[in-house]
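Grab a pencil and work through these exercises with the model open beside you. Try each task before you read its solution.

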Amino acid sequence: LPKVPNPKVPASAPLRHRLLLHVVFALWSQNLTPMSIIRAVESVHERLFGFANDADDLYERRSNSATRSPGQRLARFFIESRFSAYSEAERDVVVRYFYEISMAPGSGEYALNTVLEPG
C-alpha cells in the first residue's frame, strides 16, 4: 500500500480547531475508533457498577433498565446525526446493530485508519 500523507490542518483555522484536529489525527493514527471508544466506556462502566458481560442479548438487557448504558448512549450519539433522514424505528435498528458490533472484539475496524482518512 502507498504511504498515506500526513493530514494537513489549515493554518487559517482558529487555534481551538487546529488543536482539536491534531488530537483527532493523532488518535486516529493509534487506531482509536468509535467502536473502541464504546468498548472502553462499557468496560469502565462494568467495572464501576458491576454489570456482567455474559448475557445473550446485552443490548436488550441494558435497554430494559431505567437508563441506557453509556455505550448505548454513545452509539446513539454516533448514529443520530448521520442517519437523521431515516425514521426513528430505522435509526433504532442501526443503533442496536452498531452497539452490538462495537461490543464484539475489534477486528476489521483496525484497518480503518489505513483505508480511510479522518474527517
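**Exercise 1. Is Arg91 buried, partly exposed or exposed, judged by its relative accessibility?**

Before you start, keep in mind that you're looking at a predicted model.

*Solution.*
- Step 1: Look up the cut-off. A residue is called buried when its relative accessible area is under 20%.
- Step 2: Compare. Arg91 has a relative accessibility of 11%, so Arg91 counts as buried.
- Step 3: Place the residue. Arg91 belongs to helix α5.

**Exercise 2. Find the acidic partners of Arg91, and say where each one sits.**

*Solution.*
- Step 1: Remember the idea behind the search. Side chains of opposite charge can pair when their charged atoms come close.
- Step 2: Start with Glu80. Glu80 and Arg91 make a salt bridge, with 3.2 Å between the closest N and O atoms. Glu80 lies in helix α4 and Arg91 in helix α5, so this pair links parts that are 11 residues apart in sequence.
- Step 3: Check how open Glu80 is. Its relative accessibility is 24%, so Glu80 counts as partly exposed.
- Step 4: Go on to Glu88. Here the closest N and O atoms of the salt bridge with Arg91 are 2.6 Å apart. Both Arg91 and Glu88 are in helix α5, 3 residues apart, or about one turn of the helix.
- Step 5: Recall the geometry. An α-helix has 3.6 residues a turn, so residues three or four places apart point the same way.
- Step 6: Check Glu88 too. At 42% relative accessibility, Glu88 is partly exposed.
- Step 7: Don't stop at acids. The Arg91 side chain also reaches the backbone oxygen of Ser84, at 3.4 Å.

**Exercise 3. Which residue forms a salt bridge with Asp92, and how far apart are the closest N and O atoms?**

*Solution.*
- Step 1: Name the partner. Asp92 pairs with Arg76, and their closest N and O atoms are 2.9 Å apart.
- Step 2: See what gets linked. Asp92 is in helix α5 and Arg76 in helix α4, so the pair ties together parts that are 16 residues apart in sequence.
- Step 3: Compare the two ends. Arg76 is buried, with a relative accessible area of 15%, whereas Asp92 is partly exposed at 30%.
- Step 4: Put the total down. The salt bridge count comes to 5.
- Step 5: Join the pairs up. Through shared partners, salt bridges bring Glu88, Arg91, Glu80, Arg76 and Asp92 into one network.

**Exercise 4. Which residues make up the largest nonpolar core, and how many are there?**

*Solution.*
- Step 1: Know what to expect. In soluble globular proteins, nonpolar side chains tend to be buried together.
- Step 2: List the members. There are 9 residues in the largest core: Met35, Ile38, Ala75, Phe78, Ile79, Val95, Phe98, Tyr99 and Met103.
- Step 3: Sort them by helix. Helices α2, α4 and α5 (88-103) each supply at least two residues.
- Step 4: Pick the top contributor. That's α5, which gives 4 residues to this core.
- Step 5: Look back at α2. Its buried residues aren't just nonpolar names, since Ser36, Arg39, Glu42, His45 and Glu46 are among them.

**Exercise 5. Check the lengths of α1 and α2, then see what follows each helix.**

*Solution.*
- Step 1: Take α1. Its 15 residues, at 1.5 Å a residue, should span 21 Å, and the end C-alpha atoms are 21 Å apart, so the two agree.
- Step 2: Take α2 (residues 34-49). Its 16 residues should span 22 Å, and the end C-alpha atoms are 22 Å apart, so this agrees as well.
- Step 3: Wondering about the multiplication? The expected span uses one less than the number of residues.
- Step 4: Move past the ends. After α1 comes Asn31, with a positive phi near 65°. Just after α2, Gly50 has a positive phi of about 75°.

**Exercise 6. Which residues form a nonpolar patch on the surface?**

*Solution.*
- Step 1: Name them. The patch consists of Val23, Leu27 and Leu32, which together have about 220 Å² of accessible area.
- Step 2: Locate one of them. Val23 is in helix α1 (residues 15-29).
- Step 3: Classify Val23. With a relative accessible area of 45%, Val23 is partly exposed.

Definitions and conventions. Residues are numbered from 1 along each chain as its sequence is written. This is a predicted model: local features need pLDDT of at least 70, side-chain atom pairs count only at pLDDT 80 or more; totals for chains, interfaces and linings use all residues. Side-chain values use heavy atoms; hydrogens and water are left out. Buried means under 20% relative accessible area, exposed over 50%, partly exposed in between (1.4 Å probe, protein chains only). Patches are made of residues with over 30% relative accessible area and no salt bridge: like charges are joined within 9 Å, nonpolar side chains (Val, Leu, Ile, Met, Phe, Trp, Tyr) within 5 Å. Accessible areas come from the Shrake-Rupley method with a 1.4 Å probe; for residues, only the protein chains shown count as cover. A salt bridge is a side-chain nitrogen of Lys or Arg within 4 Å of a carboxyl oxygen of Asp or Glu. A nonpolar core is a set of buried Ala, Val, Leu, Ile, Met, Phe, Trp, Tyr and Cys residues joined through side-chain atoms within 4.5 Å. A polar contact is a pair of N or O atoms within 3.5 Å; within protein, one must be able to donate a hydrogen and the other to accept it, and residues adjacent in sequence count only if both atoms are side-chain atoms.
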